[in-house]
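Okay, thanks everyone, let's get going. I'd like to walk you through how some of the pieces of this fold sit together, so have a look at the screen.

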Amino acid sequence: MKSIQVGLLGIGTVGSGVFSVLRRNHDEIRRRAGRDIEITMVADLDEARARAVVGDSVKVVNDARAVIANPDIDVVIELIGGYGIAKQLVLEAIAAGKHVVTANKALLAVHGTEIFKAAAAKGVIVAYEAAVAGGIPIIKALREGLTANRIQWVAGIINGTTNFILSEMRDKGLDFDVVLKEAQRLGYAEADPTFDIEGVDAAHKATLISAIAFGIPVQFDKAYVEGITRLSASDIRYAEQLGYRIKLLGIAKRGDKGIELRVHPSLVPAKRLIANVEGAMNAVVVHGDAVGTTLYYGKGAGSEPTASAVIADLVDIARLQGADEAHHVPALAFQSSSLAEAAGELPILPMSEVITSYYLRLRVADEAGVLAKVTGILADAGISIDALLQREADEVGGEGSTQTDLIILTHDTREGDMDAALAQIQGLPSVLAPITRIRKEGLN
């Protein structure tokens, strides 16, 4: 049987891993795919680097369009990243009748609807297992393994950089800025870490997860996104004392009124398995009505873990090469004709309509009556308190301090009601600093 010929666009960290794993495990992969899968052409602006990786057996060019134009290429792997030229090249590859494999979560989260529509019209596959959680096969699990289930919610640690930072803050008691510099020195964080620490990378991935879990179009522009930059070591310490760990979670949840799509720091009970995921590791929890709760854990980035997911997509394409489009697994798990209908029935909820519970930290004057005023405002808003912790002033500000921290855990309430209550509390003269609010997720 004719081999699958692959063109690779970009041979950086992941591309090098794809080439290495495909060559090392060639026989095993061929036995699974039923035919050879070969990278026969590579495009990279740094031709010398590319040739150093692939040797003389593979044609190397500096023009990605030369790969797309090659009639012998069956599959194009896009590992360039970003929204710009990557989008143009993916659409051109589809138009040329090539299947596409990509690890580009940003591209698909923002332009996925257009790309998947173009692929369906041309009868080709766009596969993207590597776009979410690196080597963890969470796309395949949601799209195929759990296809019998009505998915209720998905929650994941899907950004290794932020999880490393939060783990270091907890273990060493250091503040965010200090740990970020260390993460950059060790290579866990980019020189410009904005997409990671502000939650954007996780939101790209959560957007794709929500589409696959609930059969809705990708809607990144409607996601609520909050990063970890405002967290302090004291928040992590107080959370520990209350039996919680703080994790940056990507959450997609089905509710009566629509879909919650949000990324933000969350207090997770320390007894939950996902609360104990440390360092740069990823984990995703999925709750389906038939299977219950399942957990997927592993490396969320890196050369060969991500390459593992890319090659899994290549094997799927090899198995389906020549098959009628009706036998392809839908890109977003559900038949494309149902996506628009689902978008109307399952809208993305604004954050003000989300119902969850909260951790609040207030820096207040150490004087009589402060607690009564704060709890009174919460009670008037219909917000009930689950637990309360007040630190000694000396412990917070040193001997003779006139300030203290007030930590409150609430029961479930509507975010809009909490917003209004916090605005009132913040206006009290005895509240001396911006209030820290962290949502609490039981993941029951």
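I'll take the parallel sheet, then the antiparallel strands, and then a pair of helices.

One thing up front: this is a predicted model, so please keep that in mind as we go.

Right, the sheet. It's an open one with six strands, and if you read across it the order is β3-β2-β1-β4-β5-β6, with parallel pairing. Which strands stand at the edges? Those are β3, residues 59-61, and β6, residues 126-127. Each has a single partner strand, so one side of each is left without a neighbour in the sheet.

Let's zoom in on the β3 end. The partner there is β2, residues 37-43, and the two pair in the parallel sense over three bridges. If you want a spot to click on, find Val42, which stands opposite Val60 in β3. And as a reminder, strands of a sheet pair through backbone hydrogen bonds, either parallel or antiparallel.

Now bring in a helix. α1, residues 13-24, lies across β1 (4-9), β2 and β4 (75-78). Against β2, helix α1 runs at about 150°.

Okay, on to the antiparallel part. The strand to follow is β11, residues 281-288. How many of its eight residues are buried? Six of them are, so to speak, tucked away: β11 is mostly covered.

β11 pairs with β7, residues 151-157, in the antiparallel sense over six bridges. Within that pairing, Trp153 has His287 of β11 as its bridge partner. β11 also runs antiparallel to β12, residues 292-299, and eight bridges join those two. Here you can look for Val286, whose bridge partner in β12 is Thr294. The link from β11 to β12 is a hairpin through three residues.

Last stop, the helices α8, residues 160-172, and α9, residues 176-186. Their axes come within 9 Å and cross at roughly 125°. That makes α8 and α9 oblique to each other, and α8 passes α9 in a right-handed crossing.

So who is touching whom? From α8 you've got Phe164, Ile165, Glu168 and Met169, and from α9 there's Phe176, Val179, Leu180, Ala183 and Leu186. Sort the residues of that contact by type and you get eight nonpolar, no polar and one charged.

That's my tour, happy to rotate things around if anyone wants another look.

Methods:
Residues are numbered from 1 along each chain as its sequence is written. This is a predicted model: local features need pLDDT of at least 70, side-chain atom pairs count only at pLDDT 80 or more; totals for chains, interfaces and linings use all residues. Side-chain values use heavy atoms; hydrogens and water are left out. Axes are lines fitted to C-alpha atoms, for helices over the stretch in contact, and angles run from 0 to 180 degrees between N-to-C directions. Helices (H or I, at least four residues) and strands (E, at least two) are DSSP runs, numbered from the N terminus. Angles under 35 degrees count as roughly parallel, over 145 as roughly antiparallel, 65 to 115 as roughly perpendicular and the rest as oblique. A crossing is left-handed if the near helix is turned anticlockwise from the far one by less than a right angle, and right-handed if clockwise. Contact means heavy atoms within 4.5 Å. Ala, Val, Leu, Ile, Met, Phe, Trp, Tyr, Cys and Pro count as nonpolar, Asp, Glu, Lys and Arg as charged, and the others, Gly among them, as polar. Two strands pair if DSSP finds at least two bridges between them. Buried means under 20% relative accessible area, exposed over 50%, partly exposed in between (1.4 Å probe, protein chains only).
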